[in-house]
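Thanks for coming, everyone. I'll walk through one model today, strand by strand and then residue by residue. Please have the viewer open.

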Amino acid sequence: MASVRYSYADGNAQHEYEIIDRLIEENLFRELSEIVAIPTYRGGALSEDQVVNNLRQIRDSLAAQVEEFNLGQKVHKLEIFEWKQPVGHEYWLFGFRLGSGEHKIAVCCHLDTVPPGDDASWNPFELVQEQRDYMGNAAQDFYVGRGSIDDKGPAVVAFNVLKAVARKYDGSDKLETTTVEVIFDTSEETDMAMPHYLESVPEDNPDFGIIFDASWSVRAEKGIERPKFTVSRKPVIGAGLWIDRLNTPEGPSNQIPEFAAAVIRSDSESALAELAETIDVMYAEYAFDDSDYHRAEMTVDFDAASRSLTLKTAVSGAQHGSAPQENRFSGANPLVSLANFLAGLVDQGKFVSNEIGEMCRFLAWGWGTKVFGEHHPELLLRDDEVFEAGNGTTYAATRLYTRPDSVQMELDIRYAIGHHRYPWDGSEGMLKGTTSIFSDVFGQLTVDFNAGSIHSVEVETSTAAPPDIRLPENKSFSTVADAYMQVMGEPTPARAIGGGTDAKGHNTLIAAGALFTDELGPPINFHGINEGAPVKDLKNGARIIYRLFVDQIEGR
């Protein structure tokens, strides 16, 4: 990974950034601590009412800060705005704007997060500062807490940049031709509000906008597919050893789970006790499909009284479903490790085959531990000139649930151009059409598997978004690249990523920042346990956003 130079391009420009530097230094940790402490995740223990109430609490806190800030403004004050659209559930975003001009520029962040995970190694809602090695440099400051980098930290940065710009241009007639906004999406991790807002109120669309929720800088995003595979289940009294349950925690399909747990039962107490004595060695010696595979850590709990043996694997590394190759390289997906192991025991005849065992066998047969579709390349493996080899279509097995009538597995797929229903014509924006070819792909995949299985796998799948591509000469991307060069003194990367951001489908919006790397694993742990934000990245991002706002206001 290439290192990034953190010195600023022009030492004489230091004075120009004093306003934003001072605000970030004074406010970042305190303000971020306040909103990290307010849980805003869906797909976990919180009810929707609790999530909405907590988001309102953040909105009210930010509004109170703006009211106090405006006391120091002579002419131009920050104004709050809000948009809601009830459609089954409520799409909702809010923000703050400065100025009243026709030319509109915006930064969009989001205030919802993924669930915190159940891990005693951290307190996800208490922001702490610690030192971590990062990008080849030792002992850098990190702010650690749920949302610190995704996306509450960037949200606090953008909020303070807006205040710095308001201070700089208070009373200036330049704000009569320009409007500056910071927008907060409230459901980006589950069902983005921003695209619905842009479609519903086209007259309010920014002429130039940054989605401050990725890395510097994104020129293409993969398509997103969300399949669910199901095996119908009938309760039966087993004989021998069998898998009674296999579950991950409830959560969003774009997050690799923090653990997977299987319960093994038997009609023979002695057989189960014997297995309990040897299962950890069997797991340590199990031959996965890759001899270099890093298996997840597994714990074993035998309860003789209830005749149950519980196997639990734990996640390590990055947990973002869009980049399973990173988790595989320097971590472990607990569901992938455990399901592959259990599938092997079924194949070896050590476990009686049932619906749960067949789902494990399907996962192992379809993908094994691989993430690019290597087991069935004719159906699953795709890369191209934008999403190149090693960054093509990815598959992350993220959720599996044993229910009374079914076993269901969810995948998070981020797909390259070749898996879209229609070819790319070389133009900019989202690929034409709204569907992928995965309904055909999985139809064939399940037919092939079911031909040798006694329990049929069924599939339903939907395309959340096609691939979205910006050409290098895109005006908004060039604008970002220019500001990046001014602050950092080197060209911005042009990344093709798996993550789906609020920029999708809108060519005037560019996903950029807050990270200066595209690696999401340790020490950042994007979507993961001990999520951390590199403070220097946040500070440099503040300068770049400030540079963008100032240049746009000045008409550069």
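**Strands, cores and two loops**

Start with strand S5 and strand S25, residues 532-534: they pair antiparallel, over three bridges. Find Phe-142 in S5; its bridge partner in S25 is Pro-534. Keep in mind that this is a predicted model.

Now the other pairing of S5. Strand S4, residues 128-134, meets S5, residues 137-144, through six bridges, again in the antiparallel sense. Arg-132 has Gln-140 in S5 as its bridge partner. What links the two strands, S4 and S5? They form a hairpin, with two residues between them. Met-135 sits in that turn, and its phi is positive, about 55 degrees.

Next, move to the N-terminal strands. S1 covers residues 79-87 and S2 covers residues 89-99; nine bridges join them, antiparallel. S2 also runs antiparallel to strand S6, residues 178-185, with seven bridges between them. Phe-94 is a good marker here. Glu-82 stands opposite Phe-94 in S2. In S6, Phe-94 has Phe-184 as its bridge partner.

Phe-184 takes us into the interior. The largest nonpolar core has 84 residues. Phe-184 is among those with the most contacts inside that core, along with Val-161, Ile-210, Phe-212, Trp-216, Ile-544 and Ile-545. Take Ile-545. Which residues does Ile-545 touch, leaving aside its neighbours within four places in sequence? Val-107, Val-161, Ile-210, Phe-212 and Trp-216. Apart from this core lies another, of 55 residues. Ile-264, Leu-311, Cys-360 and Tyr-395 are among its members.

Now the four-stranded sheet. The sheet is open, its order is S12-S13-S15-S14, and the pairing is antiparallel. Why do S12 and S14 each have one side without a neighbour in the sheet? S12, residues 241-247, and S14, residues 297-303, stand at the edges; each has a single partner strand, so one side of each is left free of a neighbour there. From one strand to the next, the twist averages 20 degrees.

Look at the S12 edge. Six bridges join S12 to S13, residues 259-266, and the two run antiparallel. Trp-242 is bridged to Arg-265 in S13.

Two helices lie across this sheet's strands. Helix H5, residues 269-285, lies across S12, S13, S14 and S15, and runs at about 170 degrees to S14. Helix H7, residues 334-347, lies across S12, S13, S14 and S15 as well, running at about 25 degrees to S13.

Last, two loop residues. Glu-385 is in the loop between helix H9 and strand S16. Buried or exposed, for Glu-385? Exposed, because its relative accessibility is 55% and the cut-off for exposed is over 50%. The C-alpha of Glu-385 is 9.0 Å from that of Ile-417, which is 32 residues away along the chain.

Lys-504 is in the loop between strand S22 and strand S23. Its relative accessibility is 9%, so Lys-504 counts as buried; the cut-off there is under 20%. What surrounds Lys-504, not counting residues up to four places away in sequence? Its contacts are Glu-221, Lys-222, Gly-223, Ile-224, Met-430, Ala-465, Pro-466, Pro-467 and Asp-468. With Lys-222 there is also a polar pair: a polar side-chain atom of Lys-504 lies 2.7 Å from the backbone oxygen of Lys-222.

That's the tour. Over to you for discussion.

How values were computed: Residues numbered from 1 in each chain as written. Predicted model: local features only at pLDDT ≥ 70, side-chain atom pairs only at ≥ 80, totals over all residues. Heavy atoms only, no water. Pairing = 2+ DSSP bridges. Core = buried A, V, L, I, M, F, W, Y, C linked by side-chain atoms within 4.5 Å. Buried < 20%, exposed > 50% of the residue type's maximum accessible area, 1.4 Å probe, protein only. Contact = heavy atoms within 4.5 Å. Polar contact = N/O pair within 3.5 Å; in protein donor to acceptor, adjacent residues only side chain to side chain. Axes fitted to C-alpha atoms, helices over the stretch in contact; angles between N-to-C directions.
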